[in-house]
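Visitor: Please take me closely through one sheet and the helix that goes with it. Then show me how the rest of the model compares in layout.

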Amino acid sequence: MSWMAIARKDFRDARRAKILWGATGIFLFFYAVLLLTSSQGGRSSNEAAVDAIGGLIFAGAFLLPLVIISMGYLAIAGERESGSIKYLLGLPNSRREVLLGKFVGRSALALTAVGISLVVGAGMLLFQFGTVPVEYLYYSALTCLFAVVFIALAVGLSALADTRGKAMAATIGTYVFFSFIWVVPGINPNDSVAFVVEDLLGMNATPELYQFVQNLSPVFAYGGAVDAIVFGAPEGENPGPNTLDPAASDVPFYLSDQFLVLLLVAWIVVPLAIGYLRFRSAELG
Amino acid sequence: MPAIETKGLTKTFGESVVALQDLDLTVEHGEVYGFLGPNGAGKSTTINLLLDFIHPSDGSAEVLGFDTRSESLQIRQNIGILPEGAEPYDRLTGREHVEFAMESKDVDGDVDAILDRVGLAGDDADRKAGGYSKGMAQRLGLGMALVGDPDLLILDEPSTGLDPAGMAEMRDLIREEAADGTAVFFSSHILDEVEEVCDRVAILNEGRLVADDDLDALREEFTGECDITLDVAEVPAGSVDLGPVDGVVETAVDDHAITVTCEHPRVKADVVRHVDDRHEVTDVISEETSLESMFERYTNGDGGDEAATNGDTAGAASGEPADAADPAEVAR
């Protein structure tokens, strides 16, 4: 059970850094800007509040990962660079326990920042609209999950790197790939798959496949899941690209909301597993 | 079951860099073992291999009877390690470091007693380690190593960053642990330190073991020239003729002192007898061969050849570098 000791130590160590309060401050700033400036505009207070939550999706999906990465990317690589990992592994801690303890410790750190922000955000909703809709609860749960996804990504990639610089390049690179490259016309996965399927293979366009590929990015999986929860089933006209109707009988399982959550969970497991497999046999010179 | 036993332990980095070659080493229980060599000789590589931080290219090693590859956790449960040049966690206090070591080892213990032993009691214990000096960080590392009363201490350059008083305390601590039956394996490039506390010494150079023996035996076999100074009551008229004494290299007379350079420590007694018969000797100052001269001979190619001509058994150390690589022959 030494992963618990490692998690506790790591949380304590990281908590004393300014990063926790920096991250909380950034989140709160954006919540304040997005929630306290939205107006009711003649709708029911509940509708307006739900709309305001919808307005958080973009900031959450693109901003939150950056902040979370900064909390996790040094988890292993930083200790390798400073040499303190020799204390950690000179004691009877297995490398699996080190990785697990780091993941748990940094997750606790991220969830502290996100949790404080979400609670204050609820207060802002209450202040602005006089109500906190139930959708905010789902939004909060998904946002916490999303934060843990990027902790897993950062810790997993950190385990592959032996220096601060490599860890930063790997985590930021991965983030940029799955957020910005993902939407660049011509090279994004949608267009790439379309090119292969339609132009090379000469098959018909398969929107479900494109949507599925789009959802493979954790950023878009999160965005899609929040979108679906906040806005519910598309109402006929102009459904957003991620807005899926779980009730519609022709939506395959791999495009359902539940599957988006499953994808996010996979984004926790896979980076940690990859990180572990490399870290397990890494040479710590 | 020895505390440490390596068999043909070899580590190469990449295709061509041989960091450690065919190391056969045995450290017995309760022994203070000095692992000596210049920087880059392979000392840290050896320690990293023992702790499974890196993996051998060939050969194997056991610590306390456990295999370093498959039973590393059992090893680390029963030893204490002071890694080289590792920085403590800046934002944790000294006390928290020791507590973490206890939690990791799953042992109870008196945190204050340990901090006190390494000289970090009182306010220092509750300060964050980021504000520690290098010496304090080193002591903290030693404190963490002492957690759980280990059977073996592995100390990598333990005196790094310590002032002379700190080094003396470190030596006392090593002696105390050894008196308790704890084996101590420590690396150093500082000769005095090894000389003062070790029962046994290994000398590593360029990844090869070039000597491994009791300190006294090493001195006995491999001391080359050494000096003896005799104070006499009257200035000897003219020169002092030590020609009849075998093994005298050089004689110098300076006021009331006759300094004689001998080929071997054994010659010293003959010198004293010879001089005492002819002059009134008031004092005898005999300098022990320092490990330094020994060390230089082993690790410096030219010096090695020169030294080898002095003793009969040392012949194996001369000539081809390949000869020097066979430690067993060199040392016995």
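Guide: Helix α1 (residues 43-50) of chain B lies across three strands of chain B: β1 (4-13), β2 and β4. The helix runs at about 115 degrees to β1(B). Such angles run from 0 to 180 degrees between N-to-C directions, and the axes are lines fitted to C-alpha atoms, for helices over the stretch in contact. Contact means heavy atoms within 4.5 Å. Helices (H or I, at least four residues) and strands (E, at least two) are DSSP runs, numbered from the N terminus.

A word on the ground rules. The model is predicted, with local features needing pLDDT of at least 70 and side-chain atom pairs counted only at pLDDT 80 or more, while totals for chains, interfaces and linings use all residues. Residues are numbered from 1 along each chain as its sequence is written, chains are lettered from A and ligands numbered from 1 in the order in which they are written, and side-chain values use heavy atoms, with hydrogens and water left out.

Now the sheet itself. It is open, with 4 strands of chain B in the order β2-β1-β4-β5 and antiparallel pairing. Its edge strands are β2 (17-27) and β5 (66-67) of chain B, each paired on one side only. Two strands pair if DSSP finds at least two bridges between them. Strands of a sheet pair through backbone hydrogen bonds, either parallel or antiparallel.

Take the pairings in turn. β1(B) and β4(B) are antiparallel and joined by 5 bridges. Thr10(B) faces Asp58(B) of β4(B) there. β4 (residues 58-63) of chain B is joined to β5(B) by 2 bridges, again antiparallel. Val63(B) stands opposite Phe66(B) in β5(B). Glu62(B) has Asp67(B) of β5(B) as its bridge partner.

Look at the turn as well. The hairpin of β4(B) and β5(B) has 2 residues between the strands, and Leu64(B) takes a positive phi near 50 degrees in this hairpin. Most residues other than glycine have a negative phi, and most peptide bonds are trans. At the edge, Asp22(B) lies in strand β2 of chain B. Its phi is near 50 degrees, a positive value in a residue other than glycine.

Chain B has another sheet to set beside this. Here 4 strands form an open, antiparallel sheet in the order β12-β13-β11-β14. The edges are β12 (248-254) and β14 (281-286) of chain B, each pairing on one side only. From one strand to the next, the twist averages 20 degrees. Helix α9 (residues 267-278) of chain B packs on this sheet and touches β11, β12, β13 and β14 of chain B. The direction of α9(B) makes about 20 degrees with that of β11(B). Within the sheet, β11 (residues 226-232) and β13 (residues 257-262) of chain B pair over 6 bridges in the antiparallel sense. Cys226(B) has Cys262(B) in β13(B) as its bridge partner.

Next, a helix of chain B and the loop after it. Ser104(B) sits in helix α3 (residues 94-105) of chain B. Ser104(B) counts as buried because its relative accessibility is 5%. Buried means under 20% relative accessible area, exposed over 50%, and partly exposed in between (1.4 Å probe, protein chains only). Leaving out residues up to four places away in sequence, Ser104(B) touches Ser2(A), Leu91(A), Pro92(A), Asn93(A) and Gln77(B). Asp106(B) is in the loop between α3 and α4 (111-117) of chain B. Asp106(B) is exposed, with a relative accessible area of 69%. The phi of Asp106(B) is positive too, near 60 degrees.

For the chain overall, the secondary structure of chain B comes to 13 helices and 14 strands. Of its 332 residues, 50% count as buried. Among contacts in chain B between residues at least 6 apart in sequence, 67% join residues at least 24 apart.

Last, chain A. Helix α3 (residues 45-54) of chain A has these buried residues: Ala48(A), Ala49(A), Val50(A), Ala52(A), Ile53(A) and Gly54(A). Their cover includes α2 (19-35), α4 (56-72), α7 (95-129), α8 (134-158) and α12 (218-231) of chain A.
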